[in-house]
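Biologist: I would like a close look at a single part of this protein. Please walk me through it and then set it in its surroundings.
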Amino acid sequence: LWLTVRQVQPTTIIESGVNAGQSTYFMRNASATAKIIAIDPADEPICNQGKRWIDESGNTEYLTGKINFKDIQAVNWKARIEAKEIDPSTTLVFLDDHLNVFKRFSTLMKFGFRHVMLEDNYKAREGATKGDKAGFTMKQMFKRQDADTEFLFHQLISYAEFPPLFPPILAKASKEPRKQAGGFLHASDRNQDIPAPVFRADTDPQDKQIYEKLCSRLGINSTLEDKDSYMQVMNYNQICYLELRPMAPTLADQIKRI
């Protein structure tokens, strides 16, 4: 996430799904100037995440909680674009809301949003919610051939799945069972449908030194026997980025009139 913000250099970031604010923190750390629009229906974090981190820079707008929440598809993007509050061509949309991802594309494409990140790019039949399991994450769609997938393919300039830093075999000492919902790498995974890890700490001595040094620096047990260490290394490994093609100018102008 941090690297993507640094690479894309968005002028605006739309974050759908804030929870405890970790992603807000990383994105603000990556860009001091981007306006962040943070969207979440909850007033407080879920899953025992503690207190939500709040950006005090004055450059983050919070559409969160019972009073201020507006779903990303309910926000009046047309008015904001016409007022030149945001430029959709230089906006990064970060989706971490566990809803049907593909249905979000009707809004993204209508208003010209092109840079998209998906935090939970679940495999087929996996997911934490009904929306996750609906078959419309990018990974799920690209596992089949149908009209929706063909349409998506033709709207993409680029698509990339971020590789895990380390292979899941490093967690062989962990007693954590494989989660039915997925989302966490597990030593029993066959790993035929994920990108190769960046560091092969299981086979390369230099990579192993890097792994051990990182674990020591972060206070993580490198065997990943305890739950906290396992969660730190083997979680959040299904993130993807995609760039959508811009709308044809004539059609874009017509849509603006609607």
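In which loop does Asn237 lie, between which helix and which strand?

Modeller: This is a predicted model. Asn237 lies in the loop between helix 9 (227-234) and strand 7. The residue is buried, because its relative accessible area is 13% and the cut-off for buried is under 20%.

Start with its polar contacts. The side chain of Asn237 reaches back to the backbone oxygen of Met234, at 3.2 Å. A polar atom of that side chain also lies 3.0 Å from the backbone oxygen of Asn235. Now look further along the sequence. Leaving out residues up to four places away, Asn237 touches Phe162, Pro164, Leu165 and Leu185.

Next, follow the chain into the sheet. Strand 7 covers residues 240-244. Cys240 is buried, because its relative accessibility is 0% and buried means under 20%. Cys215 is buried too, at 3% relative accessible area. The disulfide count for the model is 0.

Strand 7 is part of an open sheet of 7 strands with mixed pairing. The order is 3-2-1-4-5-7-6, which puts strand 7 between strand 5 and strand 6. Strand 3 (60-64) and strand 6 (156-161) stand at the edges. Each has a single partner strand, so one side of each has no neighbour in the sheet. On average, neighbouring strands are turned by 15° against each other, ignoring direction.

Helix 5 (residues 101-110) lies across strand 7, at about 35° to it. The helix also lies across strand 1 (12-16), strand 4 and strand 5. Strand 4 (residues 91-95) and strand 5 (residues 115-118) run parallel and are joined by 4 bridges. There, Phe94 stands opposite Met117.

Now move to strand 1. All 5 of its 5 residues are buried. Side chains in a regular strand alternate between the two faces of the sheet. In strand 1, Thr12, Ile14 and Ser16 are on one side, Ile13 and Glu15 on the other, and both faces are covered.

Strand 1 has parallel pairing with strand 2 (residues 35-40), over 5 bridges. Its pairing with strand 4 is parallel as well, again over 5 bridges. Thr12 takes part in both pairings: Lys35 stands opposite in strand 2, and Thr91 is the bridge partner in strand 4. Strand 1, helix 2 (residues 22-30) and strand 2 together make a right-handed β-α-β unit.

Note on methods:
Residues numbered from 1 in each chain as written. Predicted model: local features only at pLDDT ≥ 70, side-chain atom pairs only at ≥ 80, totals over all residues. Heavy atoms only, no water. Pairing = 2+ DSSP bridges. Helix = DSSP H or I, 4+ residues; strand = E, 2+ residues; numbered from the N terminus. Axes fitted to C-alpha atoms, helices over the stretch in contact; angles between N-to-C directions. Contact = heavy atoms within 4.5 Å. Disulfide = S-S within 2.5 Å. Buried < 20%, exposed > 50% of the residue type's maximum accessible area, 1.4 Å probe, protein only. Polar contact = N/O pair within 3.5 Å; in protein donor to acceptor, adjacent residues only side chain to side chain. Right-handed = clockwise from strand over helix to strand, strands pointing away.
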